[in-house]
Amino acid sequence: MQTSSYILSLTIWVPIVIGILVLFLHHDGQKNAARWVALLGSLLGLAVAIPLWAGFDNGSSAMQFVERFVWIPRYNIHYALGVDGIAMLFVLLNSFTTVLVIAAAWQVIAEKVSQYLAAFLIMSGLINGVFAATDAILFYLFFEAMLIPMFLIIGIWGGPRRVYAAVKFFLYTLLGSLLMLAALIYLYNVTNGSFDIVDFQRVPLGMTAQTLIFLAFFASFAVKVPMWPVHTWLPDAHVEAPTGGSVVLAAITLKIGAYGFLRFNLPIAPDAAQALSGFMIALSLIAVIYIGLVALAQSDMKKLVAYSSISHMGFVTLGFFIFNTQGVEGGLVQMISHGFISAAMFLCIGVLYDRVHSREISAYGGVVNTMPKFAFFAVFFAMANSGLPATSGFVGEFMVILGAMKVNFWYAFAAATTLILGAAYTLWMVKRVIFGDIANDNVRNLTDINARELVILTALALLVLYMGVYPKPFTDVMHVSVDALLKHVALGKLN
Amino acid sequence: MKRPDIPEAIKTRFSFIHRLLENKYYLDQFNETVFANGARKLGHALWKFGDVTIIDGIMVNGTAKVIGWSAGVARQIQTGYLYSYAFWMILGVFGLLSIVFLKLN
């Protein structure tokens with residue numbers, strides 16, 4: 001059993017164990033206790049993840065913080081964990097986001113408080129498991145288990161059409177991942193009985209096998225990203241989900257799809273990935289342009305940001321499938337940046353929704369007059385969402401466009417339309433919601449953000465700025481891992 | 001201004017140019033109607049036709065509808081009445097026997 005540390009196990013099990021503890025605080029008088037325990041638990045979850053960043057060796061592309069125990073010897077399944085420069089950042093992002101959603105739920109969620117908070121803590125641990133697992137079955141287990149808390153969050157605390165949205169979300173993702181399971185079993189046979197993802201990456205495969213494996217993983221991850229045309233579950237899920245659910249969906253679970261492409265599709269089926277790159281790029285560009293236009297037509301703020309997320313994720317997959325360092329790193333930077341920005345956008349919408357109970361753009365207007373502090377943050381995050389330089393939104397998009405330019409001018413040209421479309425739909429929404437005269441009594445009676453909301457939004461704003469001005473610490477972490485991955489893909493598996 | 005009638009005269013004589021300049025070559029209107037409105041209309045059409053009708057209507061909910069419909073047809077077979085099952089069984093046995101006898105001859 002080669003085990004160098006227990007940090008990754010802690011990042012998985014601390015939130016889950018505390019989540020289960022929170023479940024016991026379910027009596028009416030214990031709501032505040034549940035909130036405090038959950039908040040401390042999420043902070044502890046973040047604290048145990050910090051050593052990943054502090055102790056990470058940027059010079060190595062190998063898995064770090066490795067843990068490996070035999071779990072089910074008969075099928076050679078291991079409890080195996082480890083992170084490289086690609087996965088590590090997402091464990092941190094997820095642990096950080098969990099603190100935000102727990103804090104954001106403070107006064108907003110009044111019913112079934114302990115269950116709500118527990119669902120988020122447990123989901124946080126499971127998602128860390130997805131990013132940390134290096135055994136395919138363990139990955140699959142976390143990947144599927146993660147659906148359950150999210151299903152409950154949408155189905156119980158969601159809006160009027162929550163059951164439709166929850167079932168749609170569940171069926172979409174489940175159907176995709178069944179094909180992935182088939183691919184995992186095939187790979188298990190080819191590798192003579194191993195579920196180690198590194199073995200999957202090493203085993204030579206013919207072109208047909210690679211193509212089928214690629215498509216099987218594609219079915220699973222494209223739904224998660226989501227890529228056009230399997231994206232329609234996302235706007236529904238976002239609209240119905242409570243604020244915290246939307247934040248985790250946008251900031252974290254979408255990233256799992258993109259992460260899956262880097263962890264499975266590219267290294268396991270590199271030749272198929274190259275052969276199908278045109279297809280992937282086409283879908284990505286459709287997402288960027290088509291979905292950008294669709295976002296423009298939305299009258300519901302959450303739906304608008306949901307479509308904006310799909311469009312931004314199109315940028316990520318575009319970056320991955322142009323196979324150069326700038327593209328892949330740009331995609332990863334975009335993923336983290338979008339984690340911050342989309343979380344902030346949904347939190348901002350949540351702030352308004354908690355006060356007015358409407359997501360319709362037309363229900364607002366002139367919010368700046370009554371909520372100046374909030375308006376500052378809303379405009380700032382809107383700018384970041386449209387990719388304004390000096391915000392993190394710009395860095396990823398710029399890198400991907402640069403990378404695309406090296407491959408094909410027209411890819412870059414089509415991708416760059418997002419800078420116009422993104423600005424158009426985001427700023428137009430901001431104009432209609434924030435600026436202008438006070439539209440109605442609801443807006444007139446608004447109260448500005450409280451200290452809790454101020455702290456949450458400030459933390460996100462600082463991160464967006466920091467990453468926008470100085471992204472080097474982030475790219476340094478991923479650089480060696482991305483290089484190793486690209487070399488592996490370029491080498492191929494056919495000979 | 002000493003002679004306000006001069007600009008007035010220019011305005012009337014070159015009314016077309018005046019109007020063109022006054023309206024900034026109509027570029028704002030052009031942007032508003034062609035690009036902004038066009039993009040909004042296109043976005044709306046893509047959303048209603050692409051997302052709502054084709055993807056959600058036909059592909060997603062359509063699949064569910066087809067399954068629901070075929071299940072509705074298939075469940076007609078399961079009436080729960082013994083005589084109906086007996087009837088289909090007799091019909092089946094008759095069919096099988098017919099095949100066997102036809103083959104033998």
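Read from the N terminus onward, the elements of chain B follow the order α-α-α-α, and the secondary structure of this chain therefore amounts to four helices and zero strands, as helices and strands are DSSP runs. Chain B has a radius of gyration of 38 Å, well over the 13 Å that the globule rule gives for 105 residues, so chain B is more spread out than a compact globule. The whole model, it should be said at the outset, is a predicted one.

**The two chains side by side**

Chain A is built from 22 helices and two strands. Its radius of gyration is 22 Å, close to the 23 Å that the globule rule gives for 495 residues, so chain A is as compact as a globular protein of that length. The table sets out the extent of each C-alpha trace along its principal axes.

| Chain | Span of the C-alpha trace along the principal axes |
|---|---|
| Chain A | about 70 × 55 × 40 Å |
| Chain B | about 120 × 35 × 15 Å |

Burial can be given for each chain in turn: in chain A, buried residues make up 60% of the 495 residues, while in chain B they make up 3% of the 105 residues. Within chain A, if one takes the contacts with a separation of 6 or more, 80% of them are accounted for by residues 24 or more positions apart.

Where the chains meet, twelve residues of chain B are in contact with eight residues of chain A. On the side of chain B that touches chain A, these residues divide into six nonpolar, three polar and three charged.

**The strand pair of chain A**

Strand β1 of chain A covers residues 64–72, and six bridges join this strand to β2(A), the two running antiparallel. The strands form a hairpin with four residues between them, and in this hairpin Asn76(A) takes a positive phi near 60°. Across the pair, Phe69(A) stands opposite Tyr79(A), which belongs to β2(A).

Arg68(A) also has its place in strand β1 of chain A. Arg68(A) and Tyr79(A) are eleven residues apart in sequence, and their C-alpha atoms are 5.7 Å apart in space. Is Arg68(A) buried, exposed or partly exposed? Because it has 18 C-beta neighbours inside 10 Å, Arg68(A) counts as partly exposed; a residue needs 20 or more to be buried.

As for strand β2 of chain A, which covers residues 77–83, five of its seven residues are buried, so this strand is largely enclosed by the rest of the structure.

**A helix with buried residues, and a loop residue**

Helix α5 of chain A spans residues 136–145, and its buried residues are Ala136(A), Ile137(A), Leu138(A), Phe139(A), Phe142(A) and Phe143(A). Which elements of chain A help to cover the buried residues of α5(A)? The cover includes the strand β2 described above, together with α4 (113–132), α7 (162–190) and α8 (197–202) of chain A.

Tyr470(A) offers another setting to examine, since this residue is found in the loop between α21 (451–469) and α22 (472–491) of chain A. Tyr470(A) has 10 other C-beta atoms within 10 Å, and it is therefore exposed, the limit for an exposed residue being 12 or fewer. Tyr470(A) and Tyr364(A) lie 106 residues apart along the chain, and their C-alpha atoms are separated by 35 Å.

How values were computed
Residues numbered from 1 in each chain as written. Chains lettered and ligands numbered in written order. Predicted model: local features only at pLDDT ≥ 70, side-chain atom pairs only at ≥ 80, totals over all residues. Rg over C-alpha atoms; globule rule 2.2 N^0.38 Å. Contact = placed C-beta atoms within 7 Å. Nonpolar A, V, L, I, M, F, W, Y, C, P; charged D, E, K, R; others polar. Pairing = 2+ DSSP bridges.
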